[in-house]
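Please take a moment to look over the sequence and the model before reading on. The paragraphs that follow go from one place to the next, and it helps to find each residue as it is named.

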Amino acid sequence: MIDLRSDTVTLPCDAMRQAMLVAPVGDDVYGDDPSVNQLEEYAADLAGFEAALFTSSGTQANLLALMSHCQRGDEYLCGQQAHNYKFEGGGAAVLGSIQPQPVNNQADGTINLSELASYIKPDDFHFAQTRLLSLENTIGGKVLPQRYLADAQAFAFEHNLKIHLDGARVFNAAVAQNLPLSAISQHFDSLTICLSKGLGAPVGSLLIGDEALINKARRWRKMLGGGMRQAGMLAAAGQFALENNVERLAEDHDNAAYLAQQLADVPGFNVDSAQVQTNMVYATLENINPVQLQSHLQQHGVMISAAKTLRLVTHLNVSRSDVDTFINAVKKFVSQ
Ligand SMILES: *Cc1c(COP(=O)(O)O)cnc(C)c1O
């Protein structure tokens, strides 16, 4: 099957599986797993930070970041569309007693800084204490402009806030701009990275920050049941992903641009090709039933999520000819 639902569906390749098989391991709760230690040091170095923590998921890594920056009764500012507000089960509120203050994202994924300023609470006992600004890059496949990151960092500093990046797909942003990770991460006090999306590892994320933050996060991770023992087999997959699967994200971006361009010519599919910056294409359907389209595509070997606005995601298990297969199946659907 050609699976365009998400880049989370990527499968570990043979070489990655081999790296997992031969990985030296130990008990990571004792700090004894050489493969986990190597991955954490490697990722911290790449981002230009002191330390990193290997986690079971991006959701866990974001929660640890929020709980380590904020205390009970504090507040974080984030986008209305932020994953760590909308799609993580309200974890910061439920488990951290941290109040989210979502603010509208603009069309390019940024949050207007003067609007953000109006949401910072005054120092008055009526209010939660605003501690943190959390941004996401890429967001909905869009790359936040570097200039904006610099402005947001200055804004956070000026208002005495910490600034966190949900960088689940930060390498897509880096590759799209031909920048090293550090050019993006330098604007933040912490960031999270998903190894299990476009990078192709089966499991795992990282939280990256300074030593003090990572020490706090390590305590929360244990409390949340995230202390893993011989986790090196998973860390080895992440290490392989960082060493081998970053540059190739450019192929996914090229395939997404190609897909958008082809789909824009099909009647009933509204695609703004100019908005495709990384590996995601959004197509709004006109007079097409999404469920019927989905089942037609399924019969032609292609999986999508049915919605009025389709999100189609390219990744390392989708080739250029897979995109052609998808486009041909769509054309067949429209012509029948
Ligand atoms: C997927 C994703 C996460 C969470 O990662 P999981 O590993 O699925 O928990 C966080 N933020 C963003 C932007 C994501 O896309």
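**A walk through the model**

Both faces of strand E2 are covered, since Ala 51, Leu 53 and Thr 55 on one side are all buried, as are Ala 52 and Phe 54 on the other. The model in which we see this is a predicted one. The way these residues divide into two groups follows a simple pattern: in a regular strand, side chains alternate between the two faces of the sheet. Strand E2 spans residues 51–55, and five of its five residues are buried, so that the strand is mostly covered, where buried means a relative accessible area under 20%. Which strand is joined to E2, and in what direction do the two run? The partner is strand E8, residues 205–209, which is joined to E2 by five bridges, and the two strands run antiparallel. At one place along this pairing, Thr 55 stands opposite Ser 205 in E8.

From here we can turn to the ligand and ask which residues surround it. Among them are Ser 57, Gly 58, Thr 59, Asn 62 and His 83, together with Glu 88, Glu 136, Ala 168 and Cys 194. Asp 166, Arg 169 and Lys 197 also belong to these surroundings, and each of the three can be followed to a particular atom of the ligand. Asp 166 has a polar side-chain atom that lies 2.6 Å from a nitrogen atom of the ligand. In the side chain of Arg 169, an N or O atom is 3.0 Å from an oxygen atom of the ligand, while a polar side-chain atom of Lys 197 lies 2.6 Å from an oxygen atom of the ligand. The ligand on its own has 370 Å² of accessible area, and the protein covers 83% of that area.

Next come some places where the backbone deserves a careful look. Asn 137 and Thr 138 are joined by a cis peptide bond, with omega at about 0°, and Thr 138 lies in the loop that runs between strand E5 (129–136) and helix H7 (146–158). Beyond H7, in the loop between that helix and strand E6 (162–167), we find Asn 160, which has a positive phi of about 60° although it is not a glycine. Ser 97, in the loop between helix H5 (91–96) and strand E4 (99–103), likewise has a positive phi, near 55°, without being a glycine. Are these two residues buried or exposed? Asn 160 counts as exposed because its relative accessible area is 69%, a value over the 50% cut-off, whereas Ser 97, with 34%, is partly exposed.

Thr 314 gives a contrasting case, for this residue counts as buried because its relative accessibility is 1%. Thr 314 is found in the loop between strand E12 (309–313) and helix H14 (320–335), and a polar atom of its side chain lies 2.7 Å from the backbone oxygen of Asp 252.

Finally, we can consider residues that are distant along the chain. Asp 3, in strand E1 (residues 2–3), counts as buried because its relative accessibility is 10%. Although Asp 3 and Asp 322 are 319 residues apart in sequence, they are 9.4 Å apart in space, taken from C-alpha to C-alpha. As for aromatic rings, the structure holds zero aromatic pairs, but the ring of Tyr 258 has the charged end of Arg 320 sitting over it, 4.2 Å from its centre.

Note on methods:
Residues numbered from 1 in each chain as written. Predicted model: local features only at pLDDT ≥ 70, side-chain atom pairs only at ≥ 80, totals over all residues. Heavy atoms only, no water. Phe/Tyr/Trp six-rings, centres within 6.5 Å; stacked < 30°, edge-to-face > 60°. Lys NZ or Arg CZ within 6 Å of the ring centre and 35° of its normal. Buried < 20%, exposed > 50% of the residue type's maximum accessible area, 1.4 Å probe, protein only. Helix = DSSP H or I, 4+ residues; strand = E, 2+ residues; numbered from the N terminus. Pairing = 2+ DSSP bridges. Near = heavy atom within 4 Å. Polar contact = N/O pair within 3.5 Å; in protein donor to acceptor, adjacent residues only side chain to side chain. Areas by Shrake-Rupley, 256 points an atom, 1.4 Å probe, with all protein chains shown as cover.
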